[in-house]
Amino acid sequence: MHEMSLCEGMVQILEEQARVQNYRRVKQVWLEVGALAGVEVAALRFCFDVVCRGTLAEGAILHVLETPGQGWCMACSRAVVVERRFDPCPECGSHQVQVTGGEEMRIKELEVE
Ligand SMILES: [Zn+2]
């Protein structure tokens, strides 16, 4: 499962940060997930719980903030919201839409102790 490796990567980051920032436990994680990141939030939550077991983030609360996908329509020369990859432009129906944002997943904030 794709979400499993994403969570493993995330826990790795948390452990590296723990050494740098000198914390022992992660209590809450705010994660920003782009609508076009190809991440299923329910699967992500499940994997997060599984992967965090036995780590410094065991029992941490995961908050998922979904950010909309962004694109640039070349036909109307303006920024548009892209709900799904390869969707046509919501304004003119053109498929000449370049994705410009919403593909990323990043840790936005942490509560640690
Ligand atoms: Zn357009």
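Here are some questions and answers on how the terms apply to this predicted model.

Residues are numbered from 1 along each chain as its sequence is written. Since the model is predicted, local features need pLDDT of at least 70 and side-chain atom pairs count only at pLDDT 80 or more, while totals for chains, interfaces and linings use all residues.

Q: Why is Ser77 called exposed?
A: The test counts other C-beta atoms within 10 Å of a residue's own, with C-beta atoms placed from the backbone: 20 or more makes it buried, 12 or fewer exposed, and in between partly exposed. Ser77 has 7, so it is exposed.

Q: And what makes Phe86 count as exposed?
A: Phe86 has 9 C-beta neighbours inside 10 Å, so it goes down as exposed. Its place is in the loop between S4 and S5.

Q: What is notable about phi in Ser77 and Phe86?
A: Most residues other than glycine have a negative phi. Phi of Ser77 is near 55°, a positive value, and phi of Phe86 is near 70°, also positive. Asn22, just after H1, takes a positive phi of about 65°.

Q: What makes the largest nonpolar core a core?
A: A nonpolar core is a set of buried Ala, Val, Leu, Ile, Met, Phe, Trp, Tyr and Cys residues joined through C-beta atoms within 7 Å. This one has 16 residues, and Cys7, Val11, Phe48, Val51, Cys52 and Ala57 have the most contacts inside it. Helix H1 (2-21), strand S1 (26-34) and helix H2 (41-52) each supply at least two of its residues. Apart from it lies another core, of five residues, among them Leu36, Cys73, Val82 and Cys89.

Q: Which residues does Val11 touch, leaving out those up to four places away in sequence?
A: Contact means C-beta atoms, placed from the backbone, within 7 Å. On that count Val11 touches Val51, Cys52, Thr55 and Ala57.

Q: How do you know that the buried residues of H1 line one face?
A: Helices here are DSSP runs of H or I, at least four residues long, and strands are runs of E, at least two, numbered from the N terminus. The buried residues of H1 are Glu3, Leu6, Cys7, Met10, Val11 and Leu14. Seen down the axis of H1, they fall within an arc of 135°, so they line one face of the helix; the arc is that of the directions from the helix axis to the C-beta atoms. Turned away from that buried side are exposed residues including Ser5, Glu8, Gln12 and Arg19. What covers the buried ones includes S1, H2 and strand S6 (105-112).

Q: How does the reach of H1 compare with the expected span?
A: The expected span is 1.5 Å times one less than the number of residues. H1 has 20 residues, with 28 Å expected, and reaches 29 Å from its first C-alpha to its last, which is close.

Q: Why are S4 and S5 called edge strands?
A: Two strands pair if DSSP finds at least two bridges between them. The open sheet has the order S4-S3-S5, with antiparallel pairing. Five bridges join S3 to S4, and four join S3 to S5. Strand S4 (78-82) and strand S5 (97-101) each pair on one side only, hence the name.

Q: What shows that side chains alternate along S3?
A: Gly69, Gly71 and Cys73 point to one face and are buried, whereas Gln70 and Trp72 point to the other and are not. Trp72 has Ala79 as its bridge partner in S4 and Gln98 in S5.

Methods
Two residues are in contact if their C-beta atoms, placed from the backbone, lie within 7 Å.
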